[in-house]
There are 2 protein chains.
Amino acid sequence: MPEAESAAATLPDLDAIRSAQARIAPYVHRTPVFSCRSLDAEVGARLFFKAENLQRTGAFKARGATSAVFSLSEAEARRGVVTHSSGNHGAALAYAAQRRGIPAYVVMPENAAKVKQDNVRRRGASIRFCAPTVAARDATCADVQRETGATLVHPFDDVRVIAGQGTAALELIEELPELDIVIAPVGGGGLLSGTAIAVKSLDHAAKVFGAEPANADDAARSFRSGRIEPLPAATTIADGLRTTLSPRTLGAIRAGVDAIGTASEEAIMRAMRMTWERMKIVIEPSAAVPLACLLERSLDVQDAAVGIILSGGNVDLERLPWQV
Amino acid sequence: MPEAESAAATLPDLDAIRSAQARIAPYVHRTPVFSCRSLDAEVGARLFFKAENLQRTGAFKARGATSAVFSLSEAEARRGVVTHSSGNHGAALAYAAQRRGIPAYVVMPENAAKVKQDNVRRRGASIRFCAPTVAARDATCADVQRETGATLVHPFDDVRVIAGQGTAALELIEELPELDIVIAPVGGGGLLSGTAIAVKSLDHAAKVFGAEPANADDAARSFRSGRIEPLPAATTIADGLRTTLSPRTLGAIRAGVDAIGTASEEAIMRAMRMTWERMKIVIEPSAAVPLACLLERSLDVQDAAVGIILSGGNVDLERLPWQV
């Protein structure tokens with residue numbers, strides 16, 4: 001599988017993550033880190049939550065998108081950027097393009113949550129709807145590229161995007177060098193790849209864990225088998241994590257991640273609700289998966305100092321999971 | 001009305017607020033201040049939100065309660081403290097008593113929200129339920145005092161409590177001396193009194209505004225008439241603000257507040273929801289009332305730098321106002 005190996009080889013190093021950090025600094029927040037005694041007691045560890053739900057566009061995706069958009073040459077940038085996304089990366093790319101003053105085209109399934117559509121439109125991007133299948137999505141993306149000459153910015157399979165996502169863990173370790181473990185949710189693996197590269201390249205003793213819904217445990221299985229495993233048929237409320245890895249992210253994760261835990265739908269819902277009730281912050285289901293793994297003990301963090309990346313806070317307030 | 005006049009005279013000064021700040025510092029958070037460009041654009045001003053929803057116990061009430069509890073003599077403290085409260089002050093008093101290691105008794109109406117009951121019980125206080133009338137509440141409080149010798153810590157009509165509540169505005173002005181206006185919601189008036197005393201005593205040019213539901217506009221009417229006006233018959237989702245002023249808080253508010261705005265129930269709901277969606281933080285309806293006044297333009301803040309005290313974040317996640 002030579003293509004896969006060559007793609008997997010193209011990963012950012014710590015210098016690339018530091019360059020991304022400098023490049024994106026004017027456009028993203030250095031997000032705060034929160035702690036909560038009652039959650040610490042619940043889990044039996046000291047938890048430090050990096051609040052990427054308070055990031056611009058409501059998710060860490062603003063980091064990767066601005067990293068990519070501000071890496072483009074003037075000639076490339078002028079023709080715009082295009083992506084497919086269930087929403088958070090789309091909104092982030094729209095935001096990044098708006099800040100650079102270039103067009104953005106976002107291909108989205110017709111059934112995407114309204115709050116995610118609004119997040120894209122509010123930033124002046126054009127939405128192109130497609131049927132909710134991978135084939136329709138890719139075809140529509142290719143159409144846009146052909147029509148406009150826009151550069152595809154993939155949600156995770158992109159070295160500039162991964163470098164941007166790695167800046168969240170970089171900030172977290174800079175602020176809390178005493179961390180024993182850093183946990184990030186894993187869907188396509190951009191955030192987890194960037195996190196693993198940042199933490200492990202810092203010559204830091206901290207472990208890196210991934211966290212995934214049991215109903216979308218393809219990354220956990222791929223991590224064990226070394227091959228891209230398919231998504232299970234079951235669905236998950238953590239809609240941002242319904243994605244398989246790419247050879248590139250699988251390579252980074254196999255190299256730098258120590259374990260991937262899984263969580264039930266019930267635990268994800270419970271962790272999400274506990275975070276809202278006790279920390280008073282709005283997080284989306286995907287962001288609750290690391291805490292859910294700790295509640296179900298699928299990852300061992302006993303007595304450790306644990307950094308958790310709260311990946312985002314974009315939810316449809318009309319339809320909360322515990323009310324369905 | 002000599003009693004009222006004498007009560008009104010007993011208010012904290014800036015020194016008392018600074019003493020409270022030192023006394024409570026080990027037990028409360030210096031809460032962060034957030035801003036949000038899209039809300040600034042909506043309102044036409046620069047807004048700075050003091051996030052007391054992230055305060056211990058989920059509300060600014062922790063400030064006043066710890067101020068009062070840590071003012072008691074050893075002999076007083078040993079017999080405990082008692083209060084009546086729809087919840088936030090009760091939880092705060094339970095927390096303060098727990099930190100001092102003394103008993104707390106909280107008198108609560110039988111229909112108080114479950115999340116507020118849990119917040120009290122989790123902190124080891126005893127709840128005494130009463131019928132949801134002022135007479136039953138006061139009688140039950142008196143019973144507890146007689147039985148135990150506990151000190152009554154009133155939710156707002158207490159000089160030590162008002163001094164504690166004033167520390168939120170003190171922190172806000174210390175951090176942002178450029179503020180033109182500070183806005184706090186007003187129910188019984190403890191927070192607004194402390195805010196007005198802190199801001200105006202700092203020899204600071206900032207104006208102080210109160211914000212109140214139109215359906216509970218007794219403070220706005222009392223502010224104009226100079227007398228304690230009764231609550232309207234209508235109800236409001238801002239349950240923390242269904243209280244009339246006391247002569248003491250009316251005095252402080254008449255002396256130091258520049259205007260009191262009112263907001264419709266629709267605007268309160270909209271402001272609450274906008275805060276959740278755009279700022280990704282959980283606030284309760286009462287905390288949304290200042291922003292609601294700005295959305296409806298019942299307070300004029302055009303182009304100003306405006307500090308807003310987000311008073312709390314304790315909501316029942318089963319029953320959100322926009323879903324009823």
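Two strands pair if DSSP finds at least two bridges between them. This is a predicted model: local features need pLDDT of at least 70 and side-chain atom pairs count only at pLDDT 80 or more, while totals for chains, interfaces and linings use all residues. Residues are numbered from 1 along each chain as its sequence is written, and chains are lettered from A and ligands numbered from 1 in the order in which they are written.

Q: What makes strand β4 of chain A a partner of β5(A)?
A: Strand β4 (residues 104-109) of chain A is joined to β5(A) by five bridges, and the pairing rule is therefore met. The two strands run parallel, and V106(A) stands opposite I127(A) in β5(A). Strands, like helices, are DSSP runs numbered from the N terminus (strands: E, at least two residues; helices: H or I, at least four).

Q: In what order do the four strands of the open sheet of chain A lie, and how are they paired?
A: The order is β5-β4-β3-β6, with parallel pairing.

Q: Why are β5 and β6 of chain A called edge strands?
A: β5 (126-130) and β6 (151-152) of chain A each pair on one side only. Across β3 (81-84) and β4 of chain A lies helix α6 (residues 88-100), which runs at about 170° to β4(A).

Q: How do you know that β3 and β6(B) pair, and in which sense?
A: Strand β3 (residues 81-84) of chain B shares two bridges with β6(B) in the parallel sense, so the minimum of two is reached. V81(B) is the residue opposite T151(B) in β6(B). The open sheet of chain B has four strands in the order β5-β4-β3-β6, with β5 (126-130) and β6 (151-152) of chain B as its edges.

Q: Why are α4(B) and α9(B) called oblique?
A: Helix α4 (residues 61-69) and helix α9 (residues 159-175) of chain B pack at about 135°, with their axes 7 Å apart. Axes are lines fitted to C-alpha atoms, for helices over the stretch in contact, and angles run from 0 to 180 degrees between N-to-C directions. Angles under 35 degrees count as roughly parallel, over 145 as roughly antiparallel, 65 to 115 as roughly perpendicular and the rest as oblique. The angle of about 135° belongs to the rest, and α4(B) and α9(B) are therefore oblique to each other. Their crossing is right-handed (near helix turned clockwise from the far one by less than a right angle; left-handed if anticlockwise).

Q: Which residues of α4(B) meet α9(B)?
A: R63(B), G64(B), T66(B), S67(B) and A68(B) do so. Among their counterparts in α9(B) are R160(B), V161(B) and I162(B). The residues of this contact comprise five nonpolar, six polar and two charged (nonpolar: Ala, Val, Leu, Ile, Met, Phe, Trp, Tyr, Cys and Pro; charged: Asp, Glu, Lys and Arg; polar: the others, Gly among them).

Q: What makes the pair α4(B) and α6(B) oblique?
A: The axes of α4(B) and helix α6 (residues 88-100) of chain B cross at roughly 45° and come within 8 Å. That angle lies in none of the named ranges, so α4(B) and α6(B) are oblique to each other. The crossing of α4(B) and α6(B) is right-handed. The contact of α4(B) with α6(B) has eight nonpolar, three polar and three charged residues.

Q: Why are α2(A) and α4(A) described as roughly perpendicular?
A: α2(A) and helix α4 (residues 61-69) of chain A pack at about 90°, their axes 9 Å apart. The angle falls within 65 to 115 degrees, and the helices are therefore roughly perpendicular to each other. A20(A), R23(A) and I24(A) of α2(A) make the contact with R63(A), T66(A) and S67(A) of α4(A).

Q: How many residues of domain 1 are in contact with domain 2 in chain A?
A: 27 residues of domain 1 are in contact with 21 residues of domain 2 (contact: C-beta atoms, placed from the backbone, within 7 Å). The assignment gives domain 1 (2-60 + 158-323) and domain 2 (62-152) of chain A, with bounds from an automatic or database domain assignment. Their centres, taken over C-alpha atoms, are separated by 23 Å. α9(A) supplies the largest share of the domain 1 side, eight residues.

Q: What makes up the side of chain A that touches chain B?
A: 14 residues of chain A are in contact with 14 residues of chain B. Helix α13 (residues 265-279) of chain A gives the most to the chain A side, with three residues. By class, that side has eight nonpolar, three polar and three charged residues.

Terms used. Contact = placed C-beta atoms within 7 Å.
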